[in-house]
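Q: I'm new to this structure and would like a close look at one of its helices. Could you set the scene first and then walk me through it and what surrounds it?

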Amino acid sequence: EILDPFCGSGTILQEALLLGLNVYGLDTMINEANANLSWLKNNFNFNAKYKLFQGDARNLSKYIKNVECCVTEPYLGPYFKKYPKYNEALNVIKDLEKLYIKVFSELNKVVKKKVVILLPIIKTNIKKRLKININKLLQGTNFKIAKINNVELPIVYANKGAIVEREIYVL
């Protein structure tokens, strides 16, 4: 079973359902995920089950008691049309860190095995790349950064010209 505590439109949930995995999704707005999962159910044959919860990932344990794994791309900050100023990007990173610290505390309560999470790297107007301090997020949890086939994590994923890149961690 898979949990996505920032399920958004339900893309991760849909992929997991098609693989035969039961899924739980949580988000502050679940209308789009609900519509997409209903469409999937009506157009594809799968036996897995899904359940959606409307709520805040910082209060995850109110909705989910335990789950095998979590796969998520959380809120990565505001959409940038141009490279942000260094201080603007730094403030976004600090705000995201506060959010993620609370979410990691909740994930630690409910996830039995692994977490796969994408974290943002914000490129600034002065060519500096700002990112989340993963060690800060892991403090007080049982999570450790995994190695996958002897590959050091994170794996950086970015589209050409992207202002926000992503670091992929497996914990």
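A: The protein chain has 4 helices and 8 strands. This is a predicted model, by the way. Going along the sequence, the order of elements is β-α-β-α-β-β-α-β-β-α-β-β.

Before zooming in, here's the overall frame. For 171 residues, a compact globule would have a radius of gyration near 16 Å, and the protein chain comes out at 17 Å, which agrees. Along the principal axes, its C-alpha atoms fill a box of roughly 50 × 35 × 35 Å. Of the 171 residues, 44% count as buried. If you take contacts between residues at least 6 apart in sequence, 71% of them join residues at least 24 apart.

Now for the helix to look at: α3, which covers residues 86-110. Its 25 residues, at 1.5 Å a residue, should span 36 Å, and the end C-alpha atoms are indeed 36 Å apart, so expectation and model agree. The buried residues of α3 are A89, V92, I93, L96, E97, L99, Y100, V103, F104, E106, L107 and V110. What do those buried residues pack against? Their partners are β1, β4 (67-72), β5 (111-123), β6 (129-131) and α4 (134-138).

Let's pick out one residue on that list, E97, which sits in helix α3. Its relative accessibility is 10%, and since buried means under 20%, E97 counts as buried. Leaving aside residues up to four places away in sequence, E97 touches I132, N133, K136 and L137.

From α3, follow one of its partners, β5, outward. Strand β5 is joined to β8 by 7 bridges, and the two run antiparallel. Within that part of the picture, V116 stands opposite V170 in β8. Strand β8 itself (residues 164-170) is mostly covered, with 5 of its 7 residues buried. Strand β8 also pairs with β7 (residues 155-157), again in the antiparallel sense, over 3 bridges. Here Y157 stands opposite R166 in β8. The hairpin of β7 and β8 has 6 residues between the strands, and G161 in this hairpin takes a positive phi near 80°.

Speaking of phi, two loops deserve a glance. Most residues other than glycine have a negative phi. K127, in the loop between β5 and β6, goes the other way: its phi is near 70°, a positive value in a residue other than glycine. K127 counts as exposed, at 72% relative accessibility. In the loop between α4 and β7 you'll find N149, which has a positive phi of about 50° although it is not a glycine. N149 counts as exposed too, with 71% relative accessibility.

Finally, helix α1 (residues 11-18) makes a handy companion to α3. Its buried residues are L13, Q14, A16 and L17. Seen down the axis of α1, they fall within an arc of 165°, so they line one face of the helix. That buried set packs against β1 (2-4), β2 (23-27), α2 (31-43) and β3 (50-54). So β1 turns up as a partner for the buried residues of α1 and for those of α3. Just after α1, G20 takes a positive phi of about 90°.

Terms used: Residues are numbered from 1 along each chain as its sequence is written. This is a predicted model: local features need pLDDT of at least 70, side-chain atom pairs count only at pLDDT 80 or more; totals for chains, interfaces and linings use all residues. Side-chain values use heavy atoms; hydrogens and water are left out. Buried means under 20% relative accessible area, exposed over 50%, partly exposed in between (1.4 Å probe, protein chains only). The arc is that of the directions from the helix axis to the C-beta atoms. Contact means heavy atoms within 4.5 Å. The expected span of a helix is 1.5 Å times one less than its number of residues. The radius of gyration is taken over C-alpha atoms; the globule rule is 2.2 Å times the number of residues to the power 0.38. Two strands pair if DSSP finds at least two bridges between them.
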